[in-house]
Amino acid sequence: MGLDRDKINLAMARKSYNIAKLAENYGVSAQRMRIILNSRKVSTATVGRLAKVLEVDVTEIIED
């Protein structure tokens with residue numbers, strides 16, 4: 001499953017999150033969060049956890 005970085009950036013903007021704040025709430029380092037966000041494929045668990053942190057539906061952050 002792929003993440004849509006533009007959609008994630010919009011969700012982050014709605015919550016006034018930067019990478020560091022997103023990583024903190026997700027429970028990883030900022031460096032690890034960058035790796036996750038730049039990955040071509042991520043697990044469904046990762047997508048679900050990221051959507052929960054951003055308080056959005058999973059469909060709002062995955063690629064179409």
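Colleague: Leaving aside its neighbours within four places in sequence, which residues is Asp4 in contact with?

Modeller: This is a predicted model, and in it Asp4 lies in the segment before helix α1. Once the neighbours within four places in sequence are set aside, the residues in contact with Asp4 are Ile61, Ile62 and Glu63.

Colleague: Which side chain of opposite charge is nearest to Asp4, and how far away is it?

Modeller: Asp4 is buried, yet this residue has no salt bridge. A salt bridge needs a side-chain nitrogen of Lys or Arg within 4 Å of a carboxyl oxygen of Asp or Glu, and that cut-off is what matters for the pair in question. The nearest side chain of opposite charge to Asp4 is Lys7, at 4.1 Å.

Colleague: Which residue does Lys7 meet in a salt bridge?

Modeller: Lys7 sits in helix α1, and the pair links distant parts of the chain, with the other residue placed 57 residues apart from Lys7 in the segment after α4. Lys7 counts as partly exposed at 23% relative accessibility, whereas the other residue counts as exposed at 88%. The N to O distance is 3.0 Å, and the partner of Lys7 is Asp64.

Colleague: How many residues apart in sequence are Arg14 and Glu60?

Modeller: The side chains of Arg14 and Glu60 meet in a salt bridge with an N to O distance of 3.9 Å. Arg14 lies in helix α1 and Glu60 in the segment after α4, so this pair ties together parts of the chain that are separated in sequence by 46 residues.

Colleague: Is Arg14 buried or exposed?

Modeller: A residue counts as exposed when its relative accessible area is over 50%. The value for Arg14 is 58%, while Glu60, with 37%, is partly exposed. By that cut-off, Arg14 is exposed.

Colleague: Where is Lys15, which forms a pair with Glu55?

Modeller: The side chains of Lys15 and Glu55 meet in a salt bridge of 3.1 Å, taken from N to O. Lys15 is partly exposed, with a relative accessible area of 24%, and Glu55 is exposed, with 63%. Glu55 belongs to the segment after α4, 40 residues apart from Lys15, which is in the loop between α1 and α2.

Colleague: How many salt bridges does the count come to?

Modeller: One of the pairs is Asp64 with Lys7, another is Arg14 with Glu60, and Lys15 with Glu55 also belongs on the list. The count of salt bridges comes to three.

Colleague: Why do the buried residues of α3 line one face of the helix?

Modeller: Helix α3 covers residues 30-38, and its buried residues are Met33, Ile36 and Leu37. Seen down the axis of α3, these buried residues line one face because they fall within an arc of 95°.

Colleague: Which exposed residues does the face of α3 turned away from its buried side carry?

Modeller: The buried residues of α3 pack against α1 (5-14), α2 (19-26) and α4 (44-54). The face turned away from that buried side carries the exposed residues Gln31 and Asn38.

Colleague: Which residues does Thr46 touch, not counting those up to four places away in sequence?

Modeller: Thr46 is found in helix α4, and this residue is buried, with a relative accessible area of 17%. A polar contact of 2.9 Å joins its side chain to that of Ser43, but Ser43 is not part of the answer here. Not counting residues up to four places away in sequence, Thr46 touches Tyr26 and Ile36.

Terms used:
Residues are numbered from 1 along each chain as its sequence is written. This is a predicted model: local features need pLDDT of at least 70, side-chain atom pairs count only at pLDDT 80 or more; totals for chains, interfaces and linings use all residues. Side-chain values use heavy atoms; hydrogens and water are left out. Buried means under 20% relative accessible area, exposed over 50%, partly exposed in between (1.4 Å probe, protein chains only). Helices (H or I, at least four residues) and strands (E, at least two) are DSSP runs, numbered from the N terminus. The arc is that of the directions from the helix axis to the C-beta atoms. Contact means heavy atoms within 4.5 Å. A polar contact is a pair of N or O atoms within 3.5 Å; within protein, one must be able to donate a hydrogen and the other to accept it, and residues adjacent in sequence count only if both atoms are side-chain atoms. Lys and Arg count as positive and Asp and Glu as negative; His and the chain ends are not counted.
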